[in-house]
Amino acid sequence: MEVQPEMEPTSSISLIAAVSYGIASMAMVFINKAVIMQYPHSMTVLTLQQLATSLFIHCGRRMGYTRARGIDLATAKKLLPVSIFYNANVAFALASLKGVNIPMYIAIKRLTPLAVLIAGFLFGKGKPTTQQKL
């Protein structure tokens, strides 16, 4: 199995990546909204999405498309708190998606980092760096 050489990102590749991310993000919101409105067990949707993501990462690693390391028990223990908080975040996002329309959900989701930066500034963390603003 041959590992792909690293490519230097060009502006066209970066644009394609950004547009692909936007399309995938929007599609995921619409699919999640449709499934949640029809299927009462939203946590099953969350679990299936995580299993599919794990499968894609595993297959990508086996086929040489990514350099993700394998996971061992020590790494899994270190990542457990992060995984729990991530799952809680996604679960709350799915629950909120059930209660609001799609444009409002997307607006709130995209403005949340701005609110966090402003709150941090107001509560004494100082002015955010330029990299944080981007």
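The points below go through the fold, the core, the largest pocket and two single residues of this predicted model.

1. Fold. The protein has five helices and zero strands. Along the sequence the pattern reads α-α-α-α-α. The chain has 134 residues, and 14% of them count as buried. Take the contacts with a separation of 6 or more: 59% of them join residues 24 or more positions apart.

2. Record against model. The unreviewed UniProt entry carries the annotation "transmembrane region" for residues 12–31, 37–58, 79–97 and 103–124. Two of these spans can be set against the coordinates. Residues 12–31 are 100% helix and 0% strand, with the end C-alpha atoms 28 Å apart. Residues 79–97 are also 100% helix and 0% strand. In that span the end C-alpha atoms lie 27 Å apart.

3. Core. Which residues make up the largest nonpolar core? There are 10: Val29, Ile36, Leu46, Val90, Ala91, Leu94, Leu97, Ile102, Tyr105 and Ile106. Two or more residues each come from α1 (11–38), α3 (73–99) and α4 (102–122). The largest share, four residues, is that of α3.

4. Val29. This core residue is a useful place to start looking. Setting aside residues up to four places away in sequence, Val29 touches Leu97, Ile102, Tyr105 and Ile106. Those four partners are listed in the largest nonpolar core as well.

5. Pocket size and centre. The largest pocket holds about 1200 Å³ of space. Its lining counts 33 residues. Closest to the centre are Gln50, Thr53, Ser54, Tyr86 and Asn87.

6. Pocket lining. Which elements give two or more residues to the lining of the largest pocket? They are α1, α2 (42–62), α3 and α4. The most comes from α3, with 13 residues. By class, the lining has 18 nonpolar, 12 polar and three charged residues. For α3, then, two roles stand out: it gives the largest share of the core, and it gives the most to the pocket lining.

7. Asn32. This residue sits in helix α1. Is Asn32 buried or exposed? Asn32 counts as buried because its relative accessibility is 8%, and the cut-off for buried is under 20%. Beyond residues up to four places away in sequence, Asn32 touches Val45, Gln49, Leu94 and Leu97. Of these partners, Leu94 and Leu97 are listed in the largest nonpolar core. Leu97 is also among the residues that Val29 touches.

8. Val100. Where is Val100? Its place is in the loop between α3 and α4. Val100 counts as partly exposed because its relative accessibility is 28%, and that class runs between 20% and 50%. Apart from neighbours within four places in sequence, Val100 is in contact with Lys33 and Tyr105. Val100 and Lys33 are 67 residues apart in sequence. In space, C-alpha to C-alpha, Val100 and Lys33 are 9.6 Å apart. The other partner, Tyr105, belongs to the largest nonpolar core and is touched by Val29 too.

Key:
Residues numbered from 1 in each chain as written. Predicted model: local features only at pLDDT ≥ 70, side-chain atom pairs only at ≥ 80, totals over all residues. Heavy atoms only, no water. Core = buried A, V, L, I, M, F, W, Y, C linked by side-chain atoms within 4.5 Å. Buried < 20%, exposed > 50% of the residue type's maximum accessible area, 1.4 Å probe, protein only. Contact = heavy atoms within 4.5 Å. 1 Å grid on protein atoms, 1.4 Å probe; cavity = no way out; pocket = protein on both sides within 12 Å on 5 of 7 lines; lining within 4 Å. Points joined across faces, edges and corners; volume = space filled by probe spheres on them. Nonpolar A, V, L, I, M, F, W, Y, C, P; charged D, E, K, R; others polar. UniProt positions renumbered as here; feature names shortened; annotations may be inferred.
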